[in-house]
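Me: Please take a close look at one part of this model, the backbone of its loops. Then set that part in its wider surroundings.

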Amino acid sequence: MSDSGESRAKQAISFTVNGEPKTAHAYPMERLLDVLRHQLHLTGTKEGCGEGECGSCAVLMDGTLVNSCLVPVLQAQGASMVTIEGFATHETLHVLQEAFLECGGAQCGICTPGMILASAHLLNEKRQPTMEEIREGLSGNLCRCTGYRQIVEAVAEAARRRTTA
Amino acid sequence: MDDFVALQEVGRVLHPLLARGQIIGGIAQGIGFSLYEKVVWQNGCMQNAQMTNYIMPTATDLPPIRVFFEELGNIHGAYGAKGIGELPMDGPAPAILNAIVDALGIHFDSVPLLPEDIMDALDSASQVSAVGARGGSR
């Protein structure tokens, strides 16, 4: 009896992405990352290591930060997800995106979507994180270009602006 | 490491935000190459080609990095600028190793310098000094 993923039929899997209801037709064990990028064409979510270590494929799933390369799409059934495409409102950038831009938080840009998602998750949990808490909150996201400092500064700046707004 | 100060001669800074970011990022890589990032080869294959066993710095691993520029101009570059791609990579390894040499009085000449390398060198040094002490008491 074959139990391989290929031998099984594709299924209709429904969930919400950035507020819009979506249905994907996918093998149950397909990676959420691939379904987001290839079926829904939400290519803002990046693949880095593909093994759950670098955080560049991070998305919010029912408010929890997950690495979408490790999530079988079946688990997304009924879930509400946010990707980087859900941050800017029309022409207006999210406060985190503005802060990243102004502080130099993005260089090559591959880690940036995951960094913004991780930062948003952190700021949902803690309104005024300390610098140490920001570094800790971003420690699951690897960046090769920036040295992290400008990213940490951007998150602190976004937290400041949100309180004063 | 509790502080890293970089002074870079870049000709002329054209974009202060990106120039500073480029320097900080290069220093972060240099710190990674100095203290964490060991490539293990076997039969022409990298044995640790995963983020779990090839360790690079995360946001929690880096010290504050302060950047200063010396702008002397450059007749060959646009508006007096020089390339700064590799420039910030050069300083960290010698600075960090020399700091460790200064603290321990033991010579190191390869990177990355891992904690176990330092422990091995300290063990060897203490054995040598123990032999020396026995030799001296005879």
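Reply: A residue counts as exposed if 12 or fewer other C-beta atoms lie within 10 Å of its own, and as buried if there are 20 or more. The model is predicted.

Start with B:N43. Its place is in the loop between β2 (41-42) and β3 (45-46) of chain B. Its phi is near 50°, a positive value in a residue that is not glycine. Is B:N43 buried or exposed? B:N43 has 5 C-beta neighbours inside 10 Å, so it counts as exposed.

B:Y79 shows a positive phi too, about 55°, and it is not a glycine either. This tyrosine sits in the loop between β4 (65-70) and α2 of chain B. B:Y79 counts as exposed because it has 10 C-beta neighbours inside 10 Å.

A third loop has an unusual bond. B:V111 and B:P112 are joined by a cis peptide bond, with omega about -5°. B:P112 lies in the loop between α2 (92-104) and α3 (115-137) of chain B. Most residues other than glycine have a negative phi, and most peptide bonds are trans.

Now widen the view to chain B. It holds 3 helices and 4 strands. Read from the N terminus, the order is β-α-β-β-β-α-α. For its 138 residues, a compact globule would have a radius of gyration near 14 Å, but chain B has 20 Å. Along the principal axes, its C-alpha atoms fill a box of roughly 70 × 40 × 30 Å. Buried residues account for 20% of the chain. Among contacts in chain B between residues at least 6 apart in sequence, 74% join residues at least 24 apart.

Next, the partner. The contact between the chains takes 18 residues from chain B and 19 residues from chain A. Which element gives the largest share of the chain B side? Helix α1 (residues 16-35) of chain B does, with 9 residues. That side of chain B divides into 10 nonpolar, 7 polar and 1 charged residues.

Chain A has 5 helices and 5 strands. Their order from the N terminus is β-β-α-β-β-β-α-α-α-α. Why does chain A fit the globule rule? With 165 residues, a compact globule would have a radius of gyration near 15 Å, and the 17 Å of chain A agrees. Its C-alpha atoms fill a box of roughly 60 × 30 × 25 Å along the principal axes. Of the 165 residues in chain A, 45% are buried. Residues 24 or more positions apart account for 56% of its contacts with a separation of 6 or more.

Chain A splits into domain 1 (9-86) and domain 2 (95-164). Their C-alpha centres lie 22 Å apart. Between them, the contact takes 13 residues from domain 1 and 11 residues from domain 2. Strand β3 (residues 58-61) of chain A gives the most to the domain 1 side, with 3 residues. That side divides into 7 nonpolar, 5 polar and 1 charged residues.

Go inside. The largest nonpolar core has 64 residues. The members that touch the most others are A:A76, A:L117, A:L138, A:Y148, A:I151, A:V155 and B:I27. At least three residues of this core come from each of domain 1 and domain 2 of chain A. In soluble globular proteins, nonpolar side chains tend to be buried together. Leaving aside residues up to four places away in sequence, A:V155 touches A:S119, A:L122 and A:I134.

Helix α3 (residues 112-125) of chain A spans 20 Å from first C-alpha to last, close to the 20 Å expected for its 14 residues. It is mostly covered, with 10 of those 14 residues buried. Among the buried ones are A:M115, A:I116, A:L117, A:S119 and A:L122. Their cover includes β3, β4 (64-67), α2 (95-103), α4 (131-137) and α5 (149-164) of chain A.

One last residue belongs to helix α2 of chain A: A:L101. A:L101 is partly exposed because 13 other C-beta atoms lie within 10 Å. Its C-alpha atom is separated by 8.2 Å from that of A:A154, which is 53 residues apart along the chain.

Notes. Residues numbered from 1 in each chain as written. Chains lettered and ligands numbered in written order. Predicted model: local features only at pLDDT ≥ 70, side-chain atom pairs only at ≥ 80, totals over all residues. Contact = placed C-beta atoms within 7 Å. Helix = DSSP H or I, 4+ residues; strand = E, 2+ residues; numbered from the N terminus. Nonpolar A, V, L, I, M, F, W, Y, C, P; charged D, E, K, R; others polar. Domains from an automatic or database assignment. Core = buried A, V, L, I, M, F, W, Y, C linked by C-beta atoms within 7 Å. Expected span 1.5 Å × (residues − 1). Rg over C-alpha atoms; globule rule 2.2 N^0.38 Å.
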